[in-house]
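Me: Please take a close look at one part of this model, the shell around the ligand, and set it against the division of the chain into domains. Add a single loop residue for contrast.

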Amino acid sequence: MKNYAIVGFGCAGYHAARAIRGADPHGRIAVFSDTGQPPFNPMLTTYYASQRLSLEGVFPFGTLEEVERELSLELHGDQPVLRVDARARRVETQAGGEDFDAILIATGARALVPESLRQGGGDFFLMRTLADAQGLRDHLDSHRVEKAVVVGGSMVGIKVAELLHRRGIQTTMADAAPYLFPLAAYRSTAEAIEARLREAGLKLVFNAQVSTIEPGGVRLVSGELLEADLVCLCIGTRANVELAANTQVVEGQGVRIGRGIVVDERMATDCPGVYAAGDCCEGIDLQTGKTAIIGLWANAGAQGDCAGRNMAGLPARYYGNILHNITHFFDMDFIGLGDPRLPGQRHLFQGKNYTVEIALEGERLNSVNIFGNYRISGILKSGLTKRLLDGGARLTTAQQGLLRAEGMSADFVELIGGDRAL
Ligand SMILES: Cc1cc2nc3c(=O)[nH]c(=O)nc-3n(C[C@H](O)[C@H](O)[C@H](O)COP(=O)(O)OP(=O)(O)OC[C@H]3O[C@@H](n4cnc5c(N)ncnc54)[C@H](O)[C@@H]3O)c2cc1C
């Protein structure tokens, strides 16, 4: 009987467990989690914090008992793994150590908190874990909050700003970047979104480098104080790679770590028998061909699934993904596909209620911004990914029909691989 260890039980860990069980009905799957909760969806934290979702709603795969039974797991809840000895394939917790045939590291990511921001002595909230969401929810229920500052014009920041704004709190979003969503949006699209947000009553401050968080609010490097009785820090994440960093590194067998744990198409690290998946790892970015963290729910699931199959001896490959964000906020949709920092000839298409901006490098679609028409995003993402994977550049007749039905012009359809005559 084979012995598997999964460290971290989020989206990636769950999908790995399911894949292993599908391939190996009799193997022992030991799952180590530091939470004692069922696998949880961090995307839903803001919905839970705003009371739009019940506690059960944040656990997409069911209760711990249900998951344990469904997959016949041996659960070690509330047992953070302290060390992984990659060469010996050994997992160590406070309860002791044990050797395994294959280990998956699926420890996800944590909210980024630069130490310098703590120097001002002010409290702040984060938005990554269920405890973060619970903390904000409890605070809003028990305190009178009039002014809030959200630091970070990120996809998470905008969701937090929305929930505070909906509660009637005067909310300011501050970011060091010159415009909103700088890693996903073109400036022009970002400015169109900013105009709508300001209209809705959100205060936006850009080029605002934060110095510290103080009891009275957020102090900028310029000296200005953005007054607040509640601050939430949403400036990004850091991969939880420390376990891998602590692995016993043997020349030629060490686990490589960049911003995340580096893996190949099988989700294998450089150390035989040790795999990584989800937000803690760097898989292939299809646009650059290099490894990068693509911190997305579906990506973590697909990587976990691939790792699980390989751990159980079923050869599987995950060819990679592209950067993308699909976010709904303040009754608007923004979708960013691909990396807007890549070069390309820019084309702008505007309809009554939408803006679509694309960058084409020759025939290659490098990046897409969609503001207000989320229904076309699936076709564009699959078109973009398909071109990168197999060079297939043409849209199917059905895809073209759908784009036209959604109001996209013949010029647009032709530019991205359609046929004007259709
Ligand atoms: C507010 C918010 C909004 C988001 N919105 C979107 C979105 O719109 N679309 C999208 O695709 N993605 C979104 N994401 C990202 C998405 O949630 C993540 O990409 C996904 O959850 C990653 O799954 P994971 O399993 O890799 O990591 P996680 O879900 O972080 O799970 C890792 C688990 O490992 C545990 N762990 C860590 N260290 C140890 C240890 N030493 N021992 C044992 N256990 C450990 C952690 O506690 C955690 O339970 C959002 C995230 C947030 C926070």
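Reply: The account below goes from the domains to the ligand shell and then to one loop residue.

This is a predicted model, in which local features need pLDDT of at least 70, side-chain atom pairs count only at pLDDT 80 or more, and totals for chains, interfaces and linings use all residues. Residues are numbered from 1 along each chain as its sequence is written.

The protein chain is split into domain 1 (3-38 + 58-110 + 238-311), domain 2 (113-235) and domain 3 (324-415), with bounds taken from an automatic or database domain assignment. Between the C-alpha centres of domain 1 and domain 3 there are 33 Å.

Around the ligand stand 36 residues, each with its C-beta atom, placed from the backbone, within 6 Å of the ligand. Gly-8, Gly-10, Gly-108, Gly-278 and Leu-296 are the closest. Two or more shell residues come from each of helix H1 (11-23), helix H2 (45-49), helix H5 (155-166) and helix H8 (297-311); helices here are DSSP runs (H or I, at least four residues), and strands are runs of E of at least two, numbered from the N terminus. Because domain 1 and domain 2 both give residues to the shell, the ligand lies between them.

The loop residue is Gln-209, placed between strand E11 (203-205) and strand E12 (210-214). Its C-alpha atom is 38 Å from that of Ile-379, 170 residues away along the chain. Beyond neighbours within four places in sequence, Gln-209 is in contact with Ala-176, Leu-220 and Val-221, contact meaning C-beta atoms, placed from the backbone, within 7 Å.

Notes
Contact = placed C-beta atoms within 7 Å.
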